[in-house]
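Student: I have a model open and want to go through its side-chain contacts and pockets. Can we start with the cysteines?

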Amino acid sequence: MSGEADRRVGELRRLIEDANYRYYVLDDPTVPDAEYDRWLRELQALEAAHPEWLTPDSPTQRVGAGPLKDFSQVAHDVPMLSLNNAFSEGEVVAFDRRVREGLEREGQVDYAVEPKFDGLAITLRYEHGVFVRGATRGDGYTGEDVSANLRTIHAIPMRLETPHPPALLEVRGEVLMLLRDFDKLNQDARNQGEKLFVNPRNAAAGSLRQLDPRITAKRRLHFFAYGIGGVVGVELPPTHSAVMDWLAALRLPVAKERRVVSGVNGLMGYFSELGEQRASLPFAIDGAVYKVNRLADQEKLGFVARAPRFAIAHKYPAQEELTVVEAIDVQVGRTGVLTPVARLKPVFVGGVTVTNATLHNEDEVRRKDVRVGDTVIVRRAGDVIPEVVGILPRDPQKPLPSPFAMPTSCPECGAPVLRLEGESAARCTNGLACPAQRKQALLHFAARRAMDIEGLGDKLVDQLVDHGQVATPADLYSLNIEQIAGLERMAQKSAENLLAGIKASRHRPLARFIFALGIRQVGEQTARDLARHFGNLGALMAADREALLQVPDVGPVVAASITAFFRESHNQAVIEALRLAQAWVDGEALPVSPGRFAGLTFVLTGTLPNLTRDQAKARIEAEGGKVAGSVSGKTDFVVAGADPGSKLAKAAQLNIRILDETAFSQLFDQGERPT
């Protein structure tokens, strides 16, 4: 290579690899994606014009070559041995004792400690600083050559960052998939109707062993180094921790969570601390690895069978186990959502005995095809609710169990179940009287924007329902002072205040009462539109789909939800009781007038000097305008006060007109439609 193009190729390769290192290893990107893409396209063009300049370590070679027919075998110069496991503090104590006895040492031993990644062990071979080959562990002595796939992993440097590279360096480490990339991979698969991966480890292993590297390139794998298999031409530092620092200086990714501790107390302290961090780590781990820190001590201790004497893996309780589905029940949540739950043969997983696991919804059950009698994989991570993530192949000699079917009536109250178009959840339609939804229905009914019953909060609702004094919102209006005063932390004065709040909630406007009913898909604005259009609740309850579709912004999904709610006999009974309690006042159907702001959408952000957000919203809606919660291309005005946040920036980006309170008030003084 020579000339300006020669220099530019070298410069582009350095820029791109530095950007890769900062993005994939340091998680601190400093270059915009568009600039990175321009560099890569420019380098590809130069290499295409001068094929003789193309080298195996070029960043352009990370995109994946053509499919392979098979993986060739690689014999490891230094065997890739496994670690023995410890599952209790006693086993860790025994390990430390064996180490001290082997070293003939009475004092505490220093250990290098690090997370035990839940991925796929591999080895990377660098010659004179250039990556030449990578292989899987295999049986420890012979693995598969997956070099083409490893080249697609941006966290693995194709050239070591050092002016004096070793003649040979074998790096041992783990290929894995970060949790965020695993979630995205499964979401993409779900959107395309494809089979989901069970866990990040399976996803990483399956991705690395693709015969078509182009598939691997799309999977966004990651890599962490945890040691070396051999080195020629460089004298290593005296400790494992210093070796890891050296690898980090070569721009090889290493765990930030590594450190050096002393003795059993240090090991157990690290194990506990790492366990507390486990749920927040960006990758999956299944334990901690302890290694005697001094390399000379490692050499003295040596190996036993297929494992080193100087290291051990301290495992956390398994987060995935196999068990059998004994039944599939359906639970009804506080909001009426029906959730299928697998009743399991008890299994110890994630540190606890698990007997139930969520199946999420009907679509998930069908996609995973979970049936009674299946042997399933159950996952529990930290405090996460256990879930069934997959099933084992069924015995073809046994009868096929019947598939799961979501019930058509609520298991709690017998009301019809409705699943709206575009939603994955099936819901009970008996929002006012379903036992499972009582507390949620009461809290929504009493909310400030609904019936505004002052003093009726979560804890009081819990007591009223648990003591059997209130089952539906209508029961609130028949409470007496003795019932309330007898509750925990409710003195005479508190009881009187609550009764006063209930009394004050009578005769609320129809729009607020409709909103208080908690009809799915019916928010405050839709409730106002319904009240304005029908004028009284009887007309609304009698309205069919076609009549509801005449209401502004009521579409087929909202209409279906409204008709299902009012068709339910239990809801009708509660509404009749509320009518007798005079909970609302009917109005009259108002002629639909477009208003000066009809068709205009406003977004409110920040704090206005003289108007509350509710007041500003009311003024807009009184003129026929709408208030949206986020800025989009359909927004006409953004009304901004102090501390407006990101909405203001987005409005400026979309060239949307921005108003302060003065300009906003002037719109109402103009007497004509704003432009």
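**Cysteines, rings and pockets**

Tutor: This is a predicted model. The sulfur of Cys-413 has its closest cysteine sulfur in Cys-428, 3.6 Å away, which is too far for a bond.

Student: What cut-off makes that too far?

Tutor: A disulfide needs the two sulfur atoms within 2.5 Å. Cys-428 is in no disulfide either, its nearest cysteine sulfur being that of Cys-413.

Student: Buried or exposed, Cys-413?

Tutor: Cys-413 counts as buried, at 19% relative accessibility; the limit for buried is under 20%. Cys-428 also counts as buried, at 7%.

Student: How many disulfides in the whole structure?

Tutor: The search of the whole structure finds 0.

Student: OK, rings next. How many aromatic pairs?

Tutor: The count is 15 aromatic pairs. One of them is Phe-117 with Phe-224: the ring centres are 4.8 Å apart and the planes are at 5°, so this pair is stacked.

Student: Where do those two sit in the chain?

Tutor: Phe-117 is in strand E3, residues 110-117, and Phe-224 is in strand E8, residues 222-232. They are 107 residues apart, so the pair links distant parts of the chain.

Student: And what is their accessibility?

Tutor: Phe-117 has 5% relative accessibility and counts as buried. Phe-224 counts as buried too, at 9%.

Student: Which pair is edge-to-face?

Tutor: Phe-445 and Phe-513 form one, with 6.5 Å centre to centre and 85° between the planes. Phe-445 belongs to helix H12 (residues 438-446) and Phe-513 to helix H16 (residues 510-516), 68 residues apart.

Student: How about burial there?

Tutor: Phe-445 is buried, with a relative accessible area of 0%. Phe-513 is buried with 0% as well.

Student: Which rings are linked into a cluster?

Tutor: Ring pairs link Phe-597, Phe-602, Phe-637, Phe-664 and Phe-668 into a cluster.

Student: What sits over the ring of Phe-668?

Tutor: The charged end of Arg-619 does, 4.0 Å from the ring centre.

Student: Switching to pockets. What volume does the largest one have?

Tutor: The largest pocket holds about 1,500 Å³ of space. It is lined by 50 residues, and those closest to its centre are Val-198, Asn-199, Pro-200, Glu-320 and Arg-379.

Student: Which elements supply at least two residues of that lining?

Tutor: Three helices are H5 (179-191), H6 (200-208) and H11 (362-368), and the strands are E10 (285-292), E17 (375-379) and E18 (387-391). H5 gives the largest share, 6 residues.

Student: What is the lining of the largest pocket by class?

Tutor: By class, the lining has 22 nonpolar, 11 polar and 17 charged residues.

Student: And the second largest pocket, what volume?

Tutor: The volume of the second largest pocket is about 1,200 Å³. Of its 42 lining residues, Leu-81, Leu-83, Tyr-226, Lys-291 and Phe-310 are the closest to its centre.

Student: Which elements give two or more residues there?

Tutor: Among them are E3, E8 and E10, along with strand E4 (120-127), strand E7 (168-176) and helix H8 (240-249). Helix H10 (295-301) and strand E13 (311-315) are also included. The largest share, 5 residues, comes from E8, the strand that holds Phe-224.

Student: And the classes in the second lining, what are they?

Tutor: The lining of the second largest pocket has 20 nonpolar, 11 polar and 11 charged residues.

How values were computed
Residues are numbered from 1 along each chain as its sequence is written. This is a predicted model: local features need pLDDT of at least 70, side-chain atom pairs count only at pLDDT 80 or more; totals for chains, interfaces and linings use all residues. Side-chain values use heavy atoms; hydrogens and water are left out. Rings of Phe, Tyr and Trp (its six-membered ring) pair if their centres lie within 6.5 Å; planes under 30 degrees apart count as stacked, over 60 as edge-to-face and the rest as tilted. Helices (H or I, at least four residues) and strands (E, at least two) are DSSP runs, numbered from the N terminus. Buried means under 20% relative accessible area, exposed over 50%, partly exposed in between (1.4 Å probe, protein chains only). A charge sits over a ring if NZ of Lys or CZ of Arg is within 6 Å of the ring centre and within 35 degrees of the ring normal. On a 1 Å grid over the protein atoms alone, a cavity is a set of points where a 1.4 Å probe fits but cannot get out, and a pocket is an open set with protein on both sides within 12 Å along at least five of seven lines; lining residues have an atom within 4 Å of a point. Grid points are joined across faces, edges and corners, and a volume is the space filled by probe spheres set on the points. Ala, Val, Leu, Ile, Met, Phe, Trp, Tyr, Cys and Pro count as nonpolar, Asp, Glu, Lys and Arg as charged, and the others, Gly among them, as polar.
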